[in-house]
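Dear colleague,

I am handing over a structure for you to look through, and I have set out below what was found in it. Please keep it open beside this message as you read.

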Amino acid sequence: MGKCDSCASKGKCGSSENTCSVIVPSYGSIKNIIGVMSGKGGVGKSTVTGILATKLRSLGYKVGVLDGDITGPSMPRFFGINKERAAVLPGKSEEEAKFVPVETSTGIKVISLNLLTEEEEQPVIWRGPILTGVLTQMYRDTDWGELDYLLIDMPPGTGDLALTVMQSIPLTGVIIAATPQDMVTMIVKKVVIMAQKMNIRVYGVVENMSYIKCSSCGEKQRVFSKKSAGEQAEALGIPLIAELPINLDLVEKMESGEVEEFINSSSEYSDLLGNFMRII
Ligand code: ADP
C-alpha cells in the first residue's frame with residue numbers, strides 16, 4: 001500500500017512522502033485547535049474533552065468540539081444532545097454544503113458523525129481511506145464561525161486516523177488522557193512520541209479515574225495504581241495537567257443532559273482548567 005493511500009489529499013498535493021503535511025482549511029476562524037489523544041479506547045478521552053470544553057466555555061470562550069473518534073463517537077451522548085441532528089446548509093454545489101454544529105446547553109458547538117447519520121446506532125462500515133476522508137470533511141465543511149478553542153476528540157491510538165488528523169488539521173497542541181494503570185506503558189508512550197515526531201506540542205497528561213472520593217470523609221483513595229499521578233507523569237516525561245476522580249454522578253448527569261451544570265458546579269475540575277490555561 002502506498003504511503004499516501006489513506007490521505008484525504010491524495011492526488012492533490014504531488015507529494016509521496018508519509019511525513020508531508022497537507023493542511024486542510026477550515027470554514028470559520030479558529031484560534032486554537034487542541035487534540036485530546038489516548039493510547040487506546042475507553043480510558044476517558046471523550047470525557048476529558050467534554051469536561052475541558054465545558055470549563056473553557058464557562059470562562060466565556062467560544063468553544064467547539066469535533067468528535068474525531070469516528071468509529072466510537074460519544075461526544076453527543078456526553079452532552080446529552082444525541083437525539084438531535086446537525087443541519088446541512090445547502091451551497092451552490094454539493095461541495096459547498098456546510099454542516100451546522102449542534103449547540104449544547106451552554107453553547108458549545110459539536111459536530112460528530114452520530115449527529116449526521118440518521119440514527120446514532122448506525123455503525124460505519126467503511127474502510128480506512130473513507131474514514132479519514134469523512135474525518136477531514138467534518139472539520140473542513142462545518143460552519144464553526146468564530147472559535148477560541150476547537151477541541152478534537154481524537155481517534156484512539158497511533159493508527160491511520162490519528163495520523164491523518166495530525167497531518168491535515170493544524171493542531172496547536174495535544175493533551176493525553178490515560179488511566180493510572182497505563183500511564184507509563186508503551187501504548188501511552190507511543191502517542192507522546194508520535195506527537196513529538198510530528199512536531200506537535202504535548203501539553204501534558206490528564207490522569208483519568210485516578211481516585212474515588214469517600215462519600216463520608218472525602219478522603220481520596222487511589223485506584224489502579226499506588227504511584228501518584230505526579231510520579232507517573234514524571235516517568236512519562238510530560239507535565240501532569242490534572243487527575244480526575246471516578247465519578248458516577250458525572251455519568252448520571254450525562255444521561256440526564258445536565259452534565260455541563262454539574263461540571264461547572266463541581267470543584268473537582270478546577271485543576272484541569274487552571275493548569276491547562278497555565279501550560280498552553
Ligand atoms: P474514550 O473516549 O477514551 O473511549 P470515554 O470518555 O468514552 O473513553 O469513557 C469510557 C467510559 O468510561 C464511558 O462510559 C464514560 O462515561 C466512563 N468514564 C470515563 N471517565 C470517567 C470518570 N472519571 N468517572 C466515571 N466514569 C467515567
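What follows describes the surroundings of the ligand and then a single loop residue.

Please bear in mind throughout that this is a predicted model. The space that the ligand takes up is the largest pocket, and 15 residues surround the ligand there, the closest being Gly42, Ser46, Thr47, Asn208 and Pro245. Sorted by character, the residues of this shell comprise 6 nonpolar, 8 polar and 1 charged. Helix H1 (45–58), strand S9 (202–213) and helix H7 (248–255) each contribute at least two residues to the shell, and H1 gives the most, with 3 residues.

Several polar contacts can be followed from the protein to the ligand. A polar atom in the side chain of Thr47 lies 2.6 Å from an oxygen atom of the ligand, while Val43 brings a backbone N or O atom to 3.0 Å from a ligand oxygen atom. For Pro245, a backbone N or O atom lies 2.8 Å from a nitrogen atom of the ligand. Taken on its own, the ligand has 560 Å² of accessible area, and the protein covers 77% of this.

Turning to the loop, Thr142 is placed between helix H3 (128–140) and strand S7 (145–153). Is Thr142 buried or exposed? Its relative accessible area is 0%, and because a residue under 20% counts as buried, Thr142 is buried. The side chain of Thr142 also reaches the backbone oxygen of Met138, at 2.5 Å.

With kind regards

Note on methods:
Residues numbered from 1 in each chain as written. Predicted model: local features only at pLDDT ≥ 70, side-chain atom pairs only at ≥ 80, totals over all residues. Heavy atoms only, no water. Near = heavy atom within 4 Å. Polar contact = N/O pair within 3.5 Å; in protein donor to acceptor, adjacent residues only side chain to side chain. Areas by Shrake-Rupley, 256 points an atom, 1.4 Å probe, with all protein chains shown as cover. 1 Å grid on protein atoms, 1.4 Å probe; cavity = no way out; pocket = protein on both sides within 12 Å on 5 of 7 lines; lining within 4 Å. Sits in = over half its atoms within 2 Å of the grid points. Helix = DSSP H or I, 4+ residues; strand = E, 2+ residues; numbered from the N terminus. Nonpolar A, V, L, I, M, F, W, Y, C, P; charged D, E, K, R; others polar. Buried < 20%, exposed > 50% of the residue type's maximum accessible area, 1.4 Å probe, protein only.
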